[in-house]
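Hi,

Here is the structure I said I would pass on. Have a look at it first, and then read my notes below.

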Amino acid sequence: MTPAELLTAARGLLEKPAIAPGGWPRMVALLTRQALERSLSEFWEARPATAGLSQCSRKSQLACLPFYIDVRVAREAAYVWAALSDACHYHAYELAPTVGELTGWLNAVAGLTQSMRDKVPGSSSHGRLRSE
Amino acid sequence: MDDALLGLVLARLDDVPLAEEAASLLLAACDSDASLSARLGGESQVVGERPGERVASEPAGAYLRAISVSGFRGVGPSATLELEPGPGLTLAVGRNGSGKSSFADGLEVLLTGDLKRWQDLSAVWQDGWRNLHVPDPARISAELLVEDAGPATAERTWGSGAVFADSHSTVQFAGKKRAAGLDLLGWREALATYRPFLSHSELEAFFNGPSRLYDLLSSVLGLEDLTTAEKRLSAARKERKAGLDEVNKDLPDLLGRLASVDDERARSCQEALISRKRDVDRALAIATGGPSGQPEGEIGRLRQLSQLMVPSQEEVNGVVTALRAAADALDESGGSEAGQALALAGLLSSALDHYHAHGAGACPVCGRAAALDEAWSDQTERQIDRLQRQASAAREAQTKANGTRSAARELFLPMPAALTGPQVGAADPGPARAAWDSWIKHADEEGPDGLRMLADHIEQAWPPLSQAVTALASTAEAELRAREDLWAPVAAEVAAWCKRAEDAETAAQAVPALQAAITWLKNATDDIRNARLAPLGDEARAIWAQLRQESNVDLGAIRLSGSGNRRQVDVKVTVDGSPGAALGVMSQGEVNALALSIFLPRATMPSSPFRFLVIDDPVQAMDPAKVEGLARVLEHVAGSRQVLVFTHDDRLPEAVRRLGIPARILEVTRRPGSVVEVRPALAPVERLLKDAGDLCADPDLPEDVAAQVVPGLCRLAVEAAFTEAIRRQQLRAGRRHADVEADIEAADTFTKRAALALFGDASKGGDVLRRLNAWHRSAADTYQALNKGAHDGHRGSLRSLVSQARQLTETIGGKLP
């Protein structure tokens with residue numbers, strides 16, 4: 001699934017009560033994190049020089065990101081990924097994330113996906129439309 | 001007053017003596033306002049000194065069956081929290097903002113019409129009570145199961161656009177008509193006394209206002225009747241003291257007025273009122289001119305002068321005429337010869353007797369022969385008769401002369417004392433004194449001439465006397481009136497003040513007795529209150545003993561002390577054995593625990609009609625060890641009460657599960673649009689596996705989405721199984737709660753968590769696969785499939801992935817018990 005598809009699925013789960021009663025917050029978090037990770041992979045694979053990075057650990061990938069994209073975008077990507085990872089691991093005593101948190105992460109990842117795609121060489125808004 | 005309290009008061013009167021008057025006032029105050037007034041009014045028969053028993057209406061006891069909320073705070077479309085109506089523990093777990101507190105707050109608002117923890121908040125905050133997404137209808141209802149009455153529904157609704165305070169409440173018992181208001185439940189007083197709600201912010205505020213905590217505790221002790229009696233006594237004392245103060249406050253003014261009047265009565269009044277032991281009676285007598293208030297000085301003399309009298313003109317004329325007539329009569333009767341005539345008549349009578357006895361013959365006196373014969377006898381008899389008449393006329397004239405003389409003497413009254421004094425104002429007694437002097441200085445000689453001289457004196461001396469005395473009397477009268485005009489208004493003021501002072505002084509006589517009764521009752525109330533508080537304190541200590549866990553604070557006696565604005569709760573604590581100030585040394589968590597220790601016994605008193613107890617977020621700021629203690633305390637309380645606890649994280653549910661405490665755990669979540677869902681919560685591993693299984697079976701979920709999500713949920717389930725194993729094993733080994741939790745948090749990847757579970761060491765991630773392989777080959781395979789699938793999705797049967805994950809969690813449970 002493409003990052004956009006993953007995000008759409010996440011939004012669907014968040015807003016559609018019938019699916020996965022109760023379990024949806026973690027599922028939304030899982031899908032959102034996957035969207036972010038998929039965007040990262042696509043970002044690296046779009047250039048031969050960085051294609052190998054997509055095989056590294058996510059932490060390494062996020063550490064390299066500032067060298068290839070605006071520092072603020074990179075910093076936000078690292079922050080959102082950490083938060084999503086937190087939500088996707090079992091933490092003692094912590095309950096599933098709230099709607100507010102999930103919505104914030106979804107929007108952040110949508111923005112990050114856009115920023116990273118804009119940086120892909122040869123890519124334009126046309127290209128983005130085509131790939132969607 | 002209820003009989004139990006009255007009994008305590010009467011028994012204490014035997015041990016702690018109170019003077020008779022004070023004691024009778026005390027008992028009257030214990031009875032009623034009317035009794036106290038009657039007693040203070042001097043009626044010795046106190047009305048109903050032994051009050052009849054008061055029929056206490058026991059409120060209905062109730063459990064909760066459901067709480068439904070819509071359009072209120074975090075809840076949009078109607079959401080219902082269903083409960084088992086009976087003793088037991090229910091945990092409602094939800095993240096902050098999930099809407100769970102809307103149920104807790106909603107129940108309080110439903111039953112009390114208000115929210116305690118809002119009372120200190122700003123209006124802006126309070127105005128946000130309607131749900132933003134679904135503001136209408138705003139409605140809260142609760143299904144109740146009421147003892148001896150069956151199911152009932154209490155409901156509170158707000159009209160569209162209505163403000164918070166403008167709500168409408170009803171209650172309806174099954175099969176009965178719906179009634180407006182909630183009075184049918186009979187909870188009005190009990191809600192204040194036993195308050196079955198406790199929110200986190202209230203817990204924090206518990207110790208902020210010492211007087212508030214005092215009220216919370218003292219209200220359950222049922223001592224209002226004693227307080228009421230004390231209020232009655234205090235009011236009576238205050239009123240009486242105020243009356244006297246008021247009178248005393250006016251005294252300086254009155255004394256000033258008195259000083260401004262130049263009048264001896266004013267001086268006397270001043271004297272009577274100014275001294276330390278003032279004599280209000282005397283001042284009043286002076287002011288009103290009563291018998292004991294007659295002035296002795298100038299006013300008295302003026303009064304005497306004004307009343308001076310002289311004989312009247314007619315009287316004087318009469319006496320003068322009589323004197324002169326008597327003088328003339330004396331002249332006519334021959335002066336004083338009456339005696340001689342009588343003596344001669346006596347001699348002649350004796351001669352006649354001799355003649356009659358011895359017959360005619362010579363004169364026995366001169367011896368003349370034949371002097372006595374018949375002719376002589378006849379002549380002599382006639383002479384005797386003439387002599388006797390002559391004597392009688394003389395005697396009569398003398399008698400008359402004597403009478404008129406004494407009548408004249410009576411005119412000469414001695415000089416009145418008033419005339420002998422000095423001049424008083426314009427009234428100069430000098431001329432009158434001189435006239436009086438000349439008046440009474442008169443010759444008093446016998447005989448007709450004497451009488452005539454007397455008459456002449458009277459005739460001459462009376463006019464100047466009369467003139468001088470009359471003039472003096474009218475001057476004195478005028479002087480008196482002038483002084484009276486100045487004095488009268490002041491006298492009226494004095495009299496009015498004195499009457500008030502007398503009343504106030506009479507009333508104030510009861511003040512010392514009232515004060516004695518008040519002091520006695522205060523001490524009695526303190527002792528009775530603390531005696532009644534003792535069992536509550538014992539229970540609080542027992543709860544604290546469970547909650548304190550690793551705290552070094554020991555809870556001692558809890559006492560209520562002081563009164564009025566200085567009322568407070570003394571909580572004796574010792575820190576590591578040495579006494580300390582309770583709150584200064586305690587952490588926020590400890591303060592919360594202490595507040596809970598006091599709240600729980602109060603809310604679960606047998607006399608409370610509430611069989612339910614709602615606690616919102618008690619675990620904030622509590623460390624894990626205290627949460628475990630709290631779980632045990634709640635288990636105990638839930639043995640006899642329906643305990644509903646709202647909590648924002650999984651600490652309390654985890655402790656409840658780990659300790660095997662029977663409890664229903666509900667999960668509250670909130671979707672966009674304030675759609676709040678409540679459903680039974682499974683243990684985390686079960687929950688996650690069930691979610692994963694449900695996803696596989698959901699035809700609406702796109703397969704590719706499921707392939708992305710299911711592995712993640714399964715990995716979460718396995719991770720949860722590892723985490724539970726870590727906690728289970730390490731806590732059993734005696735490690736500190738906080739250390740275990742820190743280790744778990746530090747193991748922040750799937751592999752680290754597994755290593756911590758398997759080896760007690762998160763850094764041995766490289767050994768995980770080997771150990772799982774040693775358990776079972778499929779365990780290692782599942783582990784790997786989950787780790788990869790969680791990020792990249794799973795290719796293959798999702799259902800079998802879920803069942804593999806379930807197997808792995810069971811293996812973990814079995815291998816790491």
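What follows is a walk through chain B, from the overall make-up to a few odd backbone spots.

One caveat before you start: this is a predicted model.

**Overall**

Chain B holds 29 helices and 15 strands. Out of its 817 residues, 40% count as buried. If you take the contacts in chain B with a separation of 6 or more, 72% of them are between residues 24 or more positions apart.

**The six-stranded sheet**

Try finding the open sheet of chain B, which runs E2-E1-E4-E5-E6-E7 with antiparallel pairing. Strands E2 (79–82) and E7 (179–180) of chain B sit at its edges with a single partner strand each, so one side of each has no neighbour in the sheet.

Further in, E4(B) is joined to E1(B) by eight bridges, and B:Ser68 faces B:Ser141 of E4(B). E4(B) also pairs with E5(B), this time through nine bridges; there B:Ala142 is opposite B:Ala154. E4(B) and E5(B) make a hairpin with three residues between them, and B:Asp148 in the turn has a positive phi of about 65°. Next along, strand E5 (residues 150–158) and strand E6 (residues 167–173) of chain B run antiparallel and share seven bridges, with B:Thr153 opposite B:Gln172.

How covered is E4(B)? Mostly: seven of its nine residues are buried. Helix H4 (residues 100–112) of chain B lies across E1, E2, E4 and E5 of that chain, at about 110° to E1(B).

**Helix H24**

Now scroll to residues 703–732 of chain B, which form helix H24. This helix has 30 residues and reaches 43 Å from first C-alpha to last, close to the 44 Å expected. There is a kink of about 25° at B:Val709, shortly before the proline B:Pro711. Of the 30 residues in H24(B), 24 are buried, so the helix is largely enclosed by the rest of the structure. After H24(B) comes B:Gly734, with a positive phi near 95°.

**Where chain B meets chain A**

In the contact region, 40 residues of chain B touch 29 residues of chain A. Elements of chain B giving two or more residues to that side include H22 (651–659), E14 (664–671), E15 (675–680) and H23 (684–697). Which element gives the largest share? That is H24(B) again, with ten residues. By type, the chain B side divides into 13 nonpolar, eight polar and 19 charged residues.

**Backbone spots to look at**

- The peptide bond from B:Asp136 to B:Pro137 is cis, with omega near -5°. B:Pro137 is in the loop between helix H5 (123–127) and E4 of chain B.
- B:Arg195 has a positive phi, near 25°, although the residue is not a glycine. You will find B:Arg195 in the loop between helix H6 (188–194) and strand E8 (197–198) of chain B. With 22 other C-beta atoms within 10 Å, B:Arg195 is buried.
- B:Asp617 is another residue other than glycine with a positive phi, here near 55°. Its loop runs between strand E12 (612–616) and helix H21 (624–637) of chain B. B:Asp617 has 23 other C-beta atoms within 10 Å, so this residue counts as buried.

Cheers

Definitions and conventions. Residues numbered from 1 in each chain as written. Chains lettered and ligands numbered in written order. Predicted model: local features only at pLDDT ≥ 70, side-chain atom pairs only at ≥ 80, totals over all residues. Helix = DSSP H or I, 4+ residues; strand = E, 2+ residues; numbered from the N terminus. Expected span 1.5 Å × (residues − 1). Bend = angle between axes of the 7 residues up to and from the residue. Buried ≥ 20, exposed ≤ 12 C-beta atoms within 10 Å, placed from the backbone. Contact = placed C-beta atoms within 7 Å. Pairing = 2+ DSSP bridges. Axes fitted to C-alpha atoms, helices over the stretch in contact; angles between N-to-C directions. Nonpolar A, V, L, I, M, F, W, Y, C, P; charged D, E, K, R; others polar.
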